[in-house]
Amino acid sequence: MEPLACRSESGPAPSPAESTQASVTLAQLLQLVQQGQELPGLERRQVAATLDEPTASRLPRRPKPWEAARSAEHPAPQFQTGDRGLADPPSGQRSRLEEPGSAVSETPGPLQL
Amino acid sequence: TPLAPPTGPTGPTTLGRRSAGSPQYRLIGPHSPQAVRCSGTLLILDQNESGLRLFRSFDWNDGLFDVTWSENNEHVLVTCSGDGSLQLWDTARATGPLQVFKEHTQEVYSVDWSQTRGEQLVVSGSWDQTVKLWDPTVGKSLCTFRGHESVIYSTIWSPHIPGCFASSSGDQTLRIWDVKTTGVRIVVPAHQAEILSCDWCKYNENLVVTGAVDCSLRGWDLRNVQQPVFELLGHTYAIRRVKFSPFHASVLASCSYDFTVRFWNFSKPDPLLETVEHHTEFTCGLDLSLQSPTQG
């Protein structure tokens, strides 16, 4: 997905005489968009931050389903540093998992890098 | 029946109840990508027994690509926009946003609020190829993470490892980062196509899933990333978003530009559980309710 490289802030402002009912052909519209120009009839919003404080919270944070399952017997593991470097890119074809049932062990273990 | 897409995440204190047995969808409202960026709208929905109603809507100057709820305040959420900024909103106020964070130089495609206790951090991923770390109470980013060589589509916190997040990119890699260092920790060349989405398993802290333009989902054990531990095929167009179930260790959901949402259990010999078809609109976003379990 390539982002369209138009900048809506650039380009000349529409002339005051330009009617908000002005219509353009599709080709003209595409050209305006590609050149980053203002589009006739387009309402530009000017929403800005209010800088207010958030409404005070009244509800406690509820544990997630997986947190309830793990409970205090399995405290969150620390992220461990280590000597292992970046994963080598696999050479050649990556093989598809032969047995979908044999996936990852569900016993959590610390992630060590 | 599912609601019309696009969908977004449910808040940590989801309003209303949902009958058991089917996933819950939530609209984040139309965003205007690509050709004409004029404005975006954030819709806050309330659900009760009689259905879904629009609680409030907020407008922003440009299209909105993602939304994430605060973990410590039920009123607060963050969106990210095509103009490169993040917005902090208060659903209890009619106007907004409270704050605007403008640093990214291109579209911000992904935002996520940290899920581990004791930290209130937001991570953003942008088409400017950087990830930024934010404290929502601080105006400037805390840190910028560089390394991706193309647009970033997804940035997701680990639900288990504090300070750890994953990112997926148009550079075809999944990367794992740690807020304590600015350099990447693990690089996984996960697909030979752009990776539009990734997510962490909620019951195995080493397991991450990626969803790519090659229509496949792959599971990665971060202790050994030489090859995927599972691969799920079935979608016929690019995977737009993938999410692991909050309730089941081996269940996940995916949505695709093929107009379907699919549910999978990767531990089964035939992992496809269900295909849900939408005939009229793209399914762009997806999340799973924390209130009711999905189908097992």
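How many bridges pair β7(B) with strand β8 (residues 122-126) of chain B, and in which sense? In this predicted model, β7(B) and β8(B) pair over five bridges in the antiparallel sense. Within this pairing, B:Ser110 stands opposite B:Gly125 of β8(B). Six of the six residues of β7(B) are buried, so the strand is largely enclosed by the rest of the structure.

β7(B) belongs to an open sheet of four strands, in the order β7-β8-β9-β10 of chain B. The pairing in this sheet is antiparallel. Its edge strands are β7 (108-113) and β10 (143-145), and each of them pairs on one side only. On average, neighbouring strands of the sheet are turned by 20° against each other, direction ignored. Strand β9 (residues 131-134) of chain B runs antiparallel to β10(B), and three bridges join the two. One of the bridge partnerships links B:Val131 to B:Phe145 in β10(B). Strands of a sheet pair through backbone hydrogen bonds, in either a parallel or an antiparallel sense.

The two chains can be described in turn. Chain B has zero helices and 22 strands. Of its 296 residues, 67% count as buried. Chain A has two helices and zero strands. Buried residues make up 19% of the 113 residues in chain A. Chain A exposes about 8,400 Å², of which carbon and sulfur atoms supply 51%. Chain B exposes about 9,700 Å², and carbon and sulfur atoms supply 51% of this area.

Contacts between residues at least 6 apart in sequence were also examined. In chain A, 68% of these contacts join residues at least 24 apart. In chain B, residues 24 or more positions apart account for 42% of the contacts with a separation of 6 or more. A further pair in chain B is B:Ile44 and B:Thr91, which are 47 residues apart in sequence. Their C-alpha atoms are 7.5 Å apart in space. B:Ile44 lies in strand β1 (residues 40-48) of chain B. B:Ile44 is buried, with a relative accessible area of 3%.

Repeat annotations are available for chain B. An unreviewed UniProt entry carries the annotation "repeat: WD" for residues 101-144, 145-181, 188-224 and 232-274 of chain B. Over residues 145-181, chain B is 0% helix and 49% strand. The end C-alpha atoms of that stretch are 9 Å apart. Over residues 188-224, the chain is again 0% helix and 49% strand. Here the end C-alpha atoms are 10 Å apart.

What surrounds strand β16 (residues 207-212) of chain B? Six of its six residues are buried, so β16(B) is largely enclosed by the rest of the structure. In a regular strand, side chains alternate between the two faces of the sheet. Both faces of β16(B) are covered. On one side, B:Leu207, B:Val209 and B:Gly211 are buried. On the other side, B:Val208, B:Thr210 and B:Ala212 are buried as well.

β16(B) has pairing partners in β15(B) and β17(B). Strand β15 (residues 195-200) of chain B pairs with β16(B) in the antiparallel sense over five bridges. B:Cys198 stands opposite B:Thr210 of β16(B). A hairpin of six residues joins β15(B) to β16(B). Five bridges also join β16(B) to strand β17 (residues 217-221) of chain B, and these strands run antiparallel. In this pairing, B:Gly211 stands opposite B:Leu217 of β17(B). β16(B) and β17(B) form a hairpin with four residues between them. In its turn, B:Cys215 has a positive phi of about 75°.

The cysteines were examined for disulfides. A disulfide is a covalent bond between the sulfur atoms of two cysteines. With a cut-off of 2.5 Å between cysteine sulfur atoms, the count over all chains is zero disulfides. Why is B:Cys164 not bonded to B:Cys198? The sulfur of B:Cys198 is the closest cysteine sulfur to that of B:Cys164, but at 11 Å the separation is too far for a bond. B:Cys164 counts as buried because its relative accessibility is 0%. For B:Cys201, the closest cysteine sulfur is also in B:Cys198. That separation is 14 Å, too far for a bond. B:Cys201 counts as buried, with a relative accessibility of 1%.

Technical notes
Residues numbered from 1 in each chain as written. Chains lettered and ligands numbered in written order. Predicted model: local features only at pLDDT ≥ 70, side-chain atom pairs only at ≥ 80, totals over all residues. Heavy atoms only, no water. UniProt positions renumbered as here; feature names shortened; annotations may be inferred. Pairing = 2+ DSSP bridges. Axes fitted to C-alpha atoms, helices over the stretch in contact; angles between N-to-C directions. Buried < 20%, exposed > 50% of the residue type's maximum accessible area, 1.4 Å probe, protein only. Contact = heavy atoms within 4.5 Å. Areas by Shrake-Rupley, 256 points an atom, 1.4 Å probe, with all protein chains shown as cover.
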